[in-house]
Amino acid sequence: MKFAIALHSPAHAPSSRRALLFAKAALAQGHEIVRLFFYQDGVHSASGNVVSPQDESDTAAQWRDFVTTHQLDGVVCIAAALRRGVLNAEEAERYSRPAANLPAPWELSGLGQLHDAVQAADRLICFGGP
Amino acid sequence: MAKSLLIISRQAPWSGPDAREALDIALAGGAFDLPVAMLFMDDGVFQLATAQNASQVQQKDLTANLQALSMFGVEELFACSTSLNERGMQPSGLSVEPLEVLDDTQIAALIDRYDQVITI
C-alpha cells in the first residue's frame, strides 16, 4: 500500500515518535511511503536545533536518519515553517535571520505537495495536531 | 479520477494558527481544482460567527477568506449542528454560504464518502 504521512506535532510530542514508528513499520512490511509532509507544529520535528537530554531519545535526529537512510521525500510546509522560525539557509538569508535550522534531507515546499501526496497515496495518515 | 479530501476544522479562529492552516489546505486544493470540502465542528464553528472583531486581538479576520472559498472552487462546506447547539449558535445567519448543517449521523456518512480526511 502507498502511504502519505502528515505530521502536525513537534519532536518532543509522543505523536511525532508514534509517526516515526508507524513509518518504520510500514516500510518494514513492504509498504511504500510516497511522502512525509510536516505541517503546523510538525515543522519543529524537522528542526536541526533540537537538543534532547542524553538519556532521552532525539526524535528530530531519528527522523533525519530515517529519511536519509530510506531516501524518502521529506517535505516541510514553507508557510508553517517560516511562521515558526524553522528556516533553511536560503530562507534565513532571504529574510535576514541570524540562523538556519532546517538541514538536509528536508525540503521546504508548499501545500501543493500535500495535495499531490494525497492524490498519489492509497491512505493519508495524520499524526498529532491540536 | 482525483481523490477527494475532507478537511475537518475544529479550532476557534483566535486560538492560534490552526483555523488559518486548515483553511489554507482547502484554498490550495481549490487552486489545483481538486475535490476538497470543509467541515466545521467543535470550536471550529466559531469561525462561522458573524461580526467578529479580530483587530481587538491584533489578528486578521478570516471571514473574508472563508467567504472566498467558493471562488476557489471549494463549494462543499458543512457545519456540525451539535457543535452549533452546544455553543448557542443559530444555523441561520452564519457568515459563510452556501453551508450545509449536518447532524451526527450525516457527518458519519460524510466522512465515509471522502477518500481522505485531515483534521486540524
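**Helices, a sheet and a contact in a two-chain model**

Good morning. I begin with helix 2 of chain A, where A:Thr59, A:Ala60, A:Trp63, A:Arg64 and A:Val67 are the buried residues. Viewed along the axis of this helix, these buried residues fall within an arc of 145°, so they line one face of helix 2 of chain A. On the other side of the helix, A:Asp65 and A:Thr69 are exposed. Please keep in mind throughout that we are looking at a predicted model.

What do the buried residues of helix 2 of chain A pack against? Their partners are helix 1, strand 2 and strand 3, the last comprising residues 74-77, all of chain A. Just after helix 2 of chain A comes A:Gln71, which takes a positive phi of about 50°.

Let us turn to helix 1 of chain A, which covers residues 14-28. This helix has 15 residues, and from its first C-alpha to its last it reaches 21 Å, close to the 21 Å expected at 1.5 Å a residue. Which residues of helix 1 of chain A are buried? They are A:Ser16, A:Ala19, A:Leu20 and A:Ala23. Seen down the axis of helix 1 of chain A, the buried residues fall within an arc of 100°, so here too one face of the helix is lined by them. A:Pro14, A:Leu21, A:Ala25 and A:Ala28 are exposed on the other side of helix 1 of chain A.

The buried residues of helix 1 of chain A pack against two strands with residues 2-7 and 32-38, namely strand 1 and strand 2 of chain A. They also pack against helix 2 (59-69) and strand 5 (123-127) of chain A. After helix 1 of chain A comes A:Gly30, with a positive phi near 90°.

I now come to some individual residues in the loops of chain A. A:Gln40 has a positive phi of about 50°, although it is not a glycine. This residue sits in the loop between strand 2 and helix 2 of chain A. Is A:Gln40 buried or exposed? A:Gln40 counts as buried, because 24 other C-beta atoms lie within 10 Å.

A:Gly85 belongs to the loop between helix 3 (78-83) and helix 4 (89-94) of chain A. With 14 other C-beta atoms within 10 Å, A:Gly85 is partly exposed. How far apart in space are A:Gly85 and A:Leu102, C-alpha to C-alpha? The distance is 9.7 Å, while in sequence they are 17 residues apart.

The next loop contains a cis peptide bond, which joins A:Ala104 and A:Pro105 with omega about 10°. A:Pro105 is found between helix 4 and strand 4 (107-109) of chain A.

Chain B also has a cis peptide bond, from B:Glu97 to B:Pro98, with omega near -10°. B:Pro98 lies in the loop between helix 3 (81-86) and strand 4 of chain B.

That strand leads us to the sheet of chain B. Strands of a sheet pair through backbone hydrogen bonds, either parallel or antiparallel. In chain B, five strands form an open sheet with the order 4-3-2-1-5 and parallel pairing. Why do strand 4 (100-102) and strand 5 (116-119) of chain B each have one side without a neighbour in the sheet? They stand at the edges, and each has a single partner strand, so one side is left without a neighbour. Neighbouring strands of this sheet are turned by 25° against each other on average, direction ignored.

Strand 3 of chain B, residues 76-80, runs parallel to strand 4 of chain B and is joined to it by three bridges. One pair of bridge partners is B:Phe78 and, in strand 4 of chain B, B:Glu100.

Helix 1 (residues 18-31) of chain B lies across strand 1 (5-9), strand 2 (36-40) and strand 5 of chain B. Its direction is at about 160° to strand 1 of chain B.

One loop residue of chain B remains. B:Ala51 is not a glycine, yet its phi is positive, about 50°. It lies in the loop between strand 2 and helix 2 (63-67) of chain B. B:Ala51 counts as exposed, because it has 6 C-beta neighbours inside 10 Å.

Finally, I consider the contact between the chains. It takes 17 residues from chain B and 16 residues from chain A. On the side of chain B that touches chain A, helix 1 and strand 5 of chain B each supply at least two residues. Helix 1 of chain B gives the most to this side, with six residues. The residues of this side of chain B divide into nine nonpolar, four polar and four charged. Thank you for your attention.

Methods:
Residues are numbered from 1 along each chain as its sequence is written. Chains are lettered from A and ligands numbered from 1 in the order in which they are written. This is a predicted model: local features need pLDDT of at least 70, side-chain atom pairs count only at pLDDT 80 or more; totals for chains, interfaces and linings use all residues. Two strands pair if DSSP finds at least two bridges between them. Helices (H or I, at least four residues) and strands (E, at least two) are DSSP runs, numbered from the N terminus. Axes are lines fitted to C-alpha atoms, for helices over the stretch in contact, and angles run from 0 to 180 degrees between N-to-C directions. Two residues are in contact if their C-beta atoms, placed from the backbone, lie within 7 Å. A residue is buried if 20 or more other C-beta atoms lie within 10 Å of its own, exposed if 12 or fewer, and partly exposed in between; C-beta atoms are placed from the backbone. Ala, Val, Leu, Ile, Met, Phe, Trp, Tyr, Cys and Pro count as nonpolar, Asp, Glu, Lys and Arg as charged, and the others, Gly among them, as polar. The expected span of a helix is 1.5 Å times one less than its number of residues. The arc is that of the directions from the helix axis to the C-beta atoms.
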